[in-house]
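Biologist: Hey, I've just opened this one and don't know my way around yet. Can you walk me through it?

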Amino acid sequence: MSTRTNAAPPAGTVDARARRSRQGIAARPAGTASRRARRGRRDLKGYLYVLPAFALFAVFLGVPTLQTLQYSFYDWDGISQATSAGLSNYVGVVTDTALSSAFVHAAVLMIFYSAIPVVLALALTLIVSRAHALRGMSFFRTVLFLPQVIASVVVASIWVSIYSQNGLFNEILRAVGLGDLAKVWLGDYGTALIAIGFVGTWLNIGLCLVLFVSGVGNIQPELFEAARLDGAGPVREFFGITLPALRGQIAVALTLTVVSALKTFDLVYITTRGGPGDSTTVPAFEAYNRAFNQGQVGSAAAVAVVLTIVIIIVTALINLLQPKDVE
Amino acid sequence: MHSKMRKVPLLVGIAACLTIGLAACAPGGSTATSTASLGSVSKTVTKDKITLTEWDQNTDGGSDTAQKELNAAFEKKYPNITIKRVSQSFSDLKTTLKLALSGNTPPDVVQANQGYPDMGAFVKGGLLRPMDDYAKLYDWTSYYPSSLLKLNTFSSDGKTWQTGNLYGVSQTGELVGVYYNKAILDQLGVSAPKTIDDLTVDMAKAKAAGILPLNYGNLEKSPGIHLYGVVQAAVAGATAVDDLVTAKSGSWTDKDNVTAAATIQGWVDKGYINAGSSGISRDASLASFGKGGSAFYVDGTWQQQTLESDMGKTAVGFTTLTPVGASAPVTEGGEGLAWAITSKSKHADAAAAYIDFITNAKAAQTLLDTGNLPAVLPTGYSPTSGTLAADIADQYTEISKASTVVPYLDYTTSTFYDTLTSGMQNLVGGQATPEQFTQSLQTDYEAFTKDRG
Amino acid sequence: MKIGIGEKFVNYVILSIFALFAIIPLIGVLFSSVLPPAKNDGGFHVPTTFAFGNYAAAWTQGRFGTYMFSSILVTVSVVVLTVLLSVLAGFAFARLDFPGSNIIFFVLLAGLMLPAEAFIIPLYFNLRGAGLTNTYASLILPQTAQSLAFGVFWMRNQFRTFPSDVIEAARLDGASDLRLLWQIIVPPTTPSIMTMCVLVSMWTWNEFLTPLIMITDDSKRTAPLGLAFFQGAHLTSYSLLSAAGVIVALPIVILYFLLQKRFINGMVGGISSR
């Protein structure tokens with residue numbers, strides 16, 4: 001389910017991460033690396049090393065991104081000549097209910113992709129705070145993380161059958177005597193969006209749990225011992241020590257999950273194509289559908305621009321959570 | 001890092017130059033139009049070894065078999081030509097065809113959906129080759145009734161449908177109607193419905209007997225077009241619907257159109273239609289009807305072979321509905337997607353020969369043999385009475401003769417497919433009243449007609 | 001740290017519940033993929049007989065041989081290109097001093113935040129204009145560009161932590177920058193490069209939107225795209241669909257089981273690795 005961009009934390013965390021990985025993954029004598037390892041001599045050869053990567057990046061990503069901005073000010077069907085549209089495509093994002101509701105749906109998905117997994121995983125972490133030391137934890141980590149590596153198309157087709165009339169979800173309801181509630185979950189206005197959101201919960205809960213449990217493992221045991229000597233109960237311990245220490249992990253978890261919610265496309269494309277009605281349309285799907293099916297390229301570009309801005313703002317906000325005082 | 005900040009203006013400068021450079025030229029405008037001379041055409045097909053790529057939507061049982069047989073026969077007749085077939089479901093074809101056609105290596109032959117959303121857009125972009133020259137060469141003009149050919153014509157700017165150049169011919173005839181389970185109808189003591197009221201009464205009886213009246217799966221969204229199309233045709237009649245779809249006169253909010261929507265919602269409210277239809281695929285509901293899961297099923301004649309093989313040739317019937325006061329049944333349909341040649345194809349002569357091969361009278365026999373309805377029924381064709389094939393052929397002949405087939409509703413405007421399919425999910429899901437539903441159609445329709453001037 | 005028996009028990013129960021939650025849908029699709037098609041109604045059934053023929057049927061009917069070939073070709077190309085270009089650029093950003101390096105680096109880094117929607121629409125029309133749509137290049141080059149934002153960032157961080165005295169010593173011996181990079185710095189960095197490889201492989205293999213837009217030729221479709229179209233045409237063939245799903249997911253899942261630490265560490269950004 002993961003995509004390229006949600007794999008890395010927001011840009012602002014560079015330094016914090018550089019420091020961490022110095023002590024962590026790069027298991028080399030960290031002390032010998034000077035903080036500014038740059039050499040004094042100015043070396044124009046650097047451009048040669050950077051050029052291939054930068055050129056590819058510019059041609060296939062940088063310039064098209066600027067062009068998206070440009071397209072958003074035009075009316076274009078993708079085939080004939082474009083005409084200037086002023087700001088009308090952006091006005092459409094607000095006034096066209098099909099578009100504005102797509103953004104509302106994305107916000108709902110954020111609850112299921114992000115808020116629920118993070119809160120639930122935190123609550124569980126309170127209980128299993130020392131699970132990182134358990135025998136077999138690596139097995140649990142492997143299993144909990146597994147949904148993250150399955151292709152989203154496969155995930156979508158699995159859940160289509162789970163939500164179907166004879167699917168697992170209804171089988172469970174019938175088994176516990178709630179057969180009256182059984183329905184086609186993706187076909188019902190009241191439940192389709194929630195059903196898609198629940199797939200996000202399924203995807204991300206393991207990710208958050210793995211992150212937090214290993215984060216707790218990083219807290220120095222002396223802190224807990226000192227707290228206990230002070231007579232702190234488990235709740236005070238959690239809010240006094242665990243939660244602050246997990247700020248970095250929480251920020252990463254929020255970034256990964258919120259961005260994945262905002263970018264949802266594959267899941268909607270495979271499961272509902274925005275239906276029933278328009279009840280599960282999301283911005284990424286609208287952008288795709290308008291650009292490549294409905295011949296409204298300008299409007300699609302405006303949706304893409306707004307989506308990009310929303311993602312940047314949200315990641316920047318989450319970034320404020322990042323501890324700035326490591327080291 | 002802070003010491004580098006003064007270089008930011010430089011970056012902004014570069015970005016600004018780039019943006020201005022880009023803004024100088026509006027996107028688009030480079031597409032070649034196909035108004036250039038087409039060159040002479042010939043029935044003689046090249047002797048070179050070539051590959052013809054064709055895209056179709058014949059994934060349903062009978063049509064898939066027919067296409068395979070026809071392709072094999074064509075390759076046998078022209079051993080130097082290899083047919084590369086790409087077959088995908090209707091909605092997947094709809095999704096990908098626009099991208100494929102506007103690319104640099106489009107297929108040679110494609111099945112294009114008629115009307116403004118697809119064929120109109122393709123013609124506007126100069127992506128399809130006008131085929132009037134081939135129509136003369138292969139005498140399609142006398143083989144097909146003009147009413148069918150007209151559906152495949154467009155003005156060369158793609159703005160006006162049913163006039164101008166011919167952009168394709170169809171392989172199959174199509175009617176959308178009501179399939180019924182004969183055993184269940186016998187059990188209920190009713191005969192095949194002839195009007196919309198008959199159908200409603202029969203469904204009430206089925207419901208009372210504890211049988212699901214109508215299996216309906218609309219996950220793909222396109223079945224919604226057919227359900228509304230059948231009911232609307234039977235309520236409003238041929239002229240009203242035809243005028244509406246072809247933008248001659250009328251409004252989607254006219255009383256009959258609202259009544260049709262209200263009728264469908266009434267069925268839902270009374271439990272005549274299974275719940276959760278927007279999450280059930282068409283195939284799943286078809287399979288359920290095929291297993292005796294319901295009394296009725298609304299779909300097109302393209303399901304003939306699948307239902308024959310599921311239920312047997314005589315256990316299932318097909319009927320169309322007659323509006324009050326009309327002399328012949330009226331229903332949605334016409335012909336299958338048009339087989340068209342792309343303007344970038346380098347093998348137009350071979351492509352035309354192929355299209356003729358899979359649509360001509362000989363192909364019609366292959367289609368019949370595999371449980372399909374050809375666009376033009378061979379003279380003297382008379383299937384065993386009492387079979388599904390006979391029902392379908394009879395209705396097709398009668399409706400063709402009376403000219404009471406109405407076009408598929410999604411042809412109406414370039415965005416009507418999405419508007420109508422979403423609208424139908426809303427209507428059936430109880431999210432929109434019949435008035436709101438028809439108003440959403442009318443809004444789309446008005447915007448489109450205004451746009452065209 | 002000693003954990004009491006009661007606490008252990010509670011921990012295992014909670015972890016097991018969530019592990020089950022994660023894995024049951026996946027087990028369901030495995031079961032479904034070996035159920036005889038006639039018995040499969042899309043529900044959760046423990047198979048009593050095993051119809052492994054479903055895999056062969058899905059493979060041939062869905063033409064997954066072709067799709068898997070495309071996926072492998074594209075994935076390997078993207079990974080190789082990304083590694084090459086990221087190592088070169090990462091080295092320059094970490095170890096060479098040239099004017100504007102920070103700005104260029106942050107421009108690249110901005111790519112991490114861009115959703116595909118931000119650039120894919122004009123990219124499609126640009127590539128179409130250049131005659132590149134419907135080619136493997138239209139999958140490989142954009143996806144490499146997308147991976148580079150992460151790759152350059154990742155490699156720069158690895159190279160910055162490389163002990164300076166080793167580099168100094170090599171330079172004193174007269175090693176050129178290129179030799180220094182490939183013979184002194186890269187070999188000990190292989191584990192981090194592997195982490196990048198597995199992540200880029202996963203992203204590329206699982207990518208759906210790019211091939212959906214760029215590829216129209218059936219024979220160039222990637223496995224996930226092939227699955228989506230296979231599903232469109234065989235909505236009710238639950239057994240075949242499940243088998244096809246397993247086929248598409250399997251290569252990355254195997255890679256994951258072999259190198260799971262790298263997946264997890266890489267994806268959560270090295271933070272949980274301490």
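Modeller: Sure, and keep in mind that this is a predicted model. Take residues 189-213 of chain A to begin with: the span is 88% helix and 0% strand, and its end C-alpha atoms lie 37 Å apart.

Biologist: What does UniProt call that stretch of chain A, residues 189-213?

Modeller: The unreviewed UniProt entry lists it as a "transmembrane region". The record gives that feature to residues 46-66, 102-127, 139-162 and 300-321 of chain A too.

Biologist: And how much helix is there in residues 102-127 of chain A?

Modeller: That span is 100% helix and 0% strand, with 37 Å between its end C-alpha atoms.

Biologist: Which residues of chain A does UniProt list as a domain?

Modeller: Residues 103-318 of chain A, under "domain: ABC transmembrane type-1", again from an unreviewed entry. Over those residues the chain is 71% helix and 0% strand. The end C-alpha atoms of the stretch are 19 Å apart.

Biologist: OK, how many residues does the contact between chain A and chain C take from each?

Modeller: It takes 110 from chain A and 100 from chain C. On the chain A side, helix α2 (residues 45-71) gives the most, with 17 residues. By class, that side of chain A has 66 nonpolar, 28 polar and 16 charged residues.

Biologist: Tell me about chain C. How many helices and strands does it have?

Modeller: 12 helices and 0 strands. The C-alpha trace of chain C spans about 75 × 65 × 30 Å along its principal axes. Chain C has 274 residues, and 56% of them are buried. If you take its contacts with a separation of 6 or more, 75% are between residues 24 or more positions apart.

Biologist: Switching to chain B. Which domains does it get?

Modeller: The assignment gives domain 1 (39-172 + 336-369) and domain 2 (174-334 + 388-452). Their centres, taken over C-alpha atoms, are separated by 28 Å. Where they touch, 20 residues come from domain 1 of chain B and 22 residues from domain 2 of chain B.

Biologist: Which helices supply the domain 1 side of that contact in chain B?

Modeller: α2 (61-77), α3 (90-102), α4 (116-124) and α7 (146-151) of chain B each supply at least two residues. α4(B) gives the most, with 4 residues. That side of domain 1 of chain B has 7 nonpolar, 11 polar and 2 charged residues.

Biologist: I'm looking at strand β10 of chain B, residues 316-319. Are its residues buried or exposed?

Modeller: Buried, on both faces: B:Val316 and B:Phe318 on one side, B:Gly317 and B:Thr319 on the other. Strand β7 (residues 173-181) of chain B runs antiparallel to β10(B), and 4 bridges join them. One pairing to look at is B:Tyr179, whose bridge partner in β10(B) is B:Phe318.

Biologist: Last one: helix α16 of chain B, residues 361-369. Which residues are buried there?

Modeller: B:Ala363, B:Ala364 and B:Leu367. Looking down the axis of α16(B), they fall within an arc of 110°, so they line one face of the helix.

Biologist: Why would residues three or four places apart point the same way?

Modeller: Because an α-helix has 3.6 residues a turn.

Biologist: Got it. What covers the buried residues of α16(B), and what's on the other side?

Modeller: The cover includes α2 and α15 (348-359) of chain B. On the other side of α16(B), B:Ala361 and B:Asp369 are exposed. Just after the helix, B:Gly371 takes a positive phi of about 80°.

Definitions and conventions: Residues numbered from 1 in each chain as written. Chains lettered and ligands numbered in written order. Predicted model: local features only at pLDDT ≥ 70, side-chain atom pairs only at ≥ 80, totals over all residues. Domains from an automatic or database assignment. Contact = placed C-beta atoms within 7 Å. Nonpolar A, V, L, I, M, F, W, Y, C, P; charged D, E, K, R; others polar. UniProt positions renumbered as here; feature names shortened; annotations may be inferred. Buried ≥ 20, exposed ≤ 12 C-beta atoms within 10 Å, placed from the backbone. Pairing = 2+ DSSP bridges. Arc of directions from axis to C-beta.
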